[in-house]
Amino acid sequence: MNLQLTQMEKSNLNEKTIQIDSVKFHWSNKSKFKLHIPELSVDKGEKVLLLGESGSGKTTLLSLICGFLTPLSGKIQLNEKLINDLSATKRDQYRSDNIGIIFQQFNLLPYANVIDNILLPLYFSKLRSANVSNQRETAISICQSLRLPEDVVNMKASELSVGQQQRVAVARALIGNPPLVIADEPTSSLDTDAQTIFLDLMFSQVASSNSTLLMVSHDKSLSSKFDRVIDMKNVSVKEQ
Amino acid sequence: MLLKLTFNSLYARLLTVAMTVFAISLSLMLYMSVEKLRTSAYTSFTDTISQTDLIVGARTSSVQLLLYSVFRIGNATNNITWESYEDVINKKEVAWSVPISLGDSHKGFRVMGTNSEFFKRYKFRGGQSIELEQGNNLDDLYDVIIGAGVAEKLNYSVGTPLIVSHGLQSFSDHDDQPFKISGILAKTGTPVDNTVIVSLEAIEAIHVDWSTGAKIPGQITPVEEIRQMDLSPKNITAALIGVNSKLQIFQLQRWINEYPEESLSSILPGVALQELWRIVGVVENLLLGISVTVIFTTLIGMTAIIFSSLNERRREMAIWRAMGASPKVVIGLLMLEALIISVMSIIVSTVMLFLTLYVLQPWIDNTYGILVNIETLAVKDIYIFMLFILSASLVSLIPAIRAYWFSINDGMTIKI
């Protein structure tokens, strides 16, 4: 690892994008599942891989970070803002302003074209919209950076290949430079070569946006590509 | 953008949405058709006779007098004498009158004796006059004019000979005095269509050899001799009266009802028609009930369709949520979808209704005598449409609230 820190990396030191303290959560209808995370933090600009078996609570943790769910106790801070105290509406707004989300698959609105899919978050976030001067051109530019063919931008999402859909999902997550990008197993449906190409493209775009990346996967072979790997086994405490 | 994406979403489910719109449109069209028929039946019924101020007959109830004099249903309890009739029409308030003599029939159709005033004064559907479609007026004593329904059902044409039967269900025919069809009336959609019209003198002529309802045995007066006889009517069944001023109607009505020489009844046709409609109004209520049920079923159907599409759209809603849409936006999207579907259904149903009515109007008029108005939508229809849109938006709240809970609980956990 390069020990020379860039100016940007220096400025990111000690700034936490995610800070979780003593968070406890369980589903009311799933009495057996209980999630307890004593402490977890992600620094600004970090690329973190969250590893864990199926059912270990990875996606529940993402839902808590995104503000879809609220913990029963503890604190979740994003960019030093305590989000679990916010009202549901404010959490929705905070999410749209600060988080770009990439789902595992079926990421896009199938009936909308690529440009509309990419620009969708800007409709809900004035903050991210203000970061983009010319929305259409920016969307096309990100598509080009992600090596999507030119003619793809006007195509319906349902007409794209899985790989193309994932790249469009990355473009949508990154538009308007959100501070945090969360990806929920985006490579699970790609083969090894496609995974490498996809991750390289995503990393370069995340870096150019100066965003923090938290990606969930159960594939340990991806570990070497990230700055840091967090294993759910090590951050969560089993409570039966 | 939301509106555009909602339309895109609907377009992406074109077949399902089109079937939904079609199903709702059919229901709405059924509702509007029933309403149109209901109102048109009422209008046609109350327009059976218009511009007649009073109907005079022997003392009876108003509905019965209306039934036999206008609808040719049932029998008069008694006749009124020609002298009484003349006393009435000689009143200064009377502008015109049409005497009617009923009692005989032809193959189930009522025979009505009257004079030429009938063709001038009898109005229907807000003032329309009856017109001859073929042939001529009653020029000869044994001429007969038949309604369009009689001509159609019995396949009669001008010149066809016709025998009048005595009474309504009699086996005795006035076959010694055959009539000849001189004219056929145009379709009116009123009981006139099913009436055989002869002159008052003809009614007297065919009863020359009859006494107290029975043929005098062995008496056959030759037609030539009858033609020379004084055939002035001695009795009539009823009379249609027009007054000079509407202000005089009640005054004249009271005078007739209190006429000392004979027990007479005079009725206001409009009031009697309303009274009669109230009696047959059960059918109207039934139609109204069907209309309401159809609309109710339509709303349930639409809710069911939105419900059934919810599961396949949970991923879509999760994406909306991830992009920052609040659950309220998700509810709004589903309600907007219901709104678009209901507005499209209203447009499609209205177009379908008017096309159908345009094609079927002549047939409905000819077959049932109901003139369906296809010119405009009634104000009531517009209110119903607005109520439907409001109700559709409200019932779509049920699946929308379910979607709200999906979107709150799913978060990023949904894996479809």
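**A predicted two-chain model: confidence, sheets, cores and interface**

Chain B has an average pLDDT of 86, with 96% of its residues scoring at least 70; pLDDT is the predictor's confidence in each residue, from 0 to 100. This is a predicted model, in which local features need pLDDT of at least 70 and side-chain atom pairs count only at pLDDT 80 or more, while totals for chains, interfaces and linings use all residues. Residues are numbered from 1 along each chain as its sequence is written, and chains are lettered from A and ligands numbered from 1 in the order in which they are written.

Within chain B, the highest confidence falls in strand β8 (residues 143–146), at a mean of 96, and the lowest in helix α14 (residues 397–410), at 75. Helices (H or I, at least four residues) and strands (E, at least two) are DSSP runs, numbered from the N terminus. For chain A the average pLDDT is 84, and 90% of the residues score at least 70. Residues 1–5 of chain A have a pLDDT below 50, and beyond near neighbours in sequence this stretch has one contact in the model. Residues 7–11 of chain A are also below 50, with four contacts beyond near neighbours in sequence. Where pLDDT is low, the predicted coordinates should not be read in detail. The model as a whole scores ipTM 0.77 and pTM 0.68.

Turning to the fold of chain A, the chain holds nine helices and nine strands. Of its 240 residues, 45% are buried; a residue is buried if 20 or more other C-beta atoms lie within 10 Å of its own, exposed if 12 or fewer, and partly exposed in between, with C-beta atoms placed from the backbone. Among contacts in chain A between residues at least 6 apart in sequence, 78% join residues at least 24 apart, where two residues are in contact if their C-beta atoms, placed from the backbone, lie within 7 Å.

Strand β1 (residues 16–26) of chain A pairs with two other strands. With strand β2 (residues 34–43) of chain A, the pairing is antiparallel over nine bridges, and D21(A) has E39(A) as its bridge partner there. Pairing is assigned if DSSP finds at least two bridges between two strands. Strand β1(A) is also joined by five bridges to strand β4 (residues 73–78) of chain A, again in the antiparallel sense, with I18(A) partnered by L78(A).

A parallel, open sheet of five strands follows the order β6-β7-β8-β3-β9 in chain A. Strands β6 (99–102) and β9 (228–231) of chain A each have a single partner strand, so one side of each is left without a neighbour in the sheet. From one strand to the next the twist averages 20 degrees. Inside this sheet, β7 (residues 180–184) and β8 (residues 212–217) of chain A pair in the parallel sense over five bridges, and I182(A) stands opposite L214(A).

These two residues reappear in the largest nonpolar core: of its 96 residues, L50(A), V168(A), A171(A), I182(A) and L214(A) touch the most other members. Such a core is a set of buried Ala, Val, Leu, Ile, Met, Phe, Trp, Tyr and Cys residues joined through C-beta atoms within 7 Å. Helix α12 (residues 327–368) of chain B gives this core its largest share, eight residues. Beyond its neighbours within four places in sequence, L214(A) is in contact with I18(A), V42(A), V48(A), L50(A), L180(A) and I182(A). A second, separate core has 58 residues, including L66(B), A151(B), V196(B) and I256(B).

In chain B, the buried residues of helix α3 (residues 62–69) are L65(B), L66(B), Y68(B) and S69(B). Their cover includes β1 (54–58), β3 (94–106), β15 (238–243), β16 (264–267) and α10 (269–310) of chain B. Two of these elements, β1(B) and β16(B), pair antiparallel over four bridges, and V56(B) is matched with S266(B). Strand β16(B) is covered on both faces, with L264(B) and S266(B) buried on one side and S265(B) and I267(B) on the other.

Finally, where the chains meet, 25 residues of chain A are in contact with 19 residues of chain B. On the chain A side, α2 (58–66), α3 (88–98) and α4 (114–124) are the elements that give two or more residues. That side divides into 14 nonpolar, seven polar and four charged residues, where Ala, Val, Leu, Ile, Met, Phe, Trp, Tyr, Cys and Pro count as nonpolar, Asp, Glu, Lys and Arg as charged, and the others, Gly among them, as polar.

Technical notes
Axes are lines fitted to C-alpha atoms, for helices over the stretch in contact, and angles run from 0 to 180 degrees between N-to-C directions.
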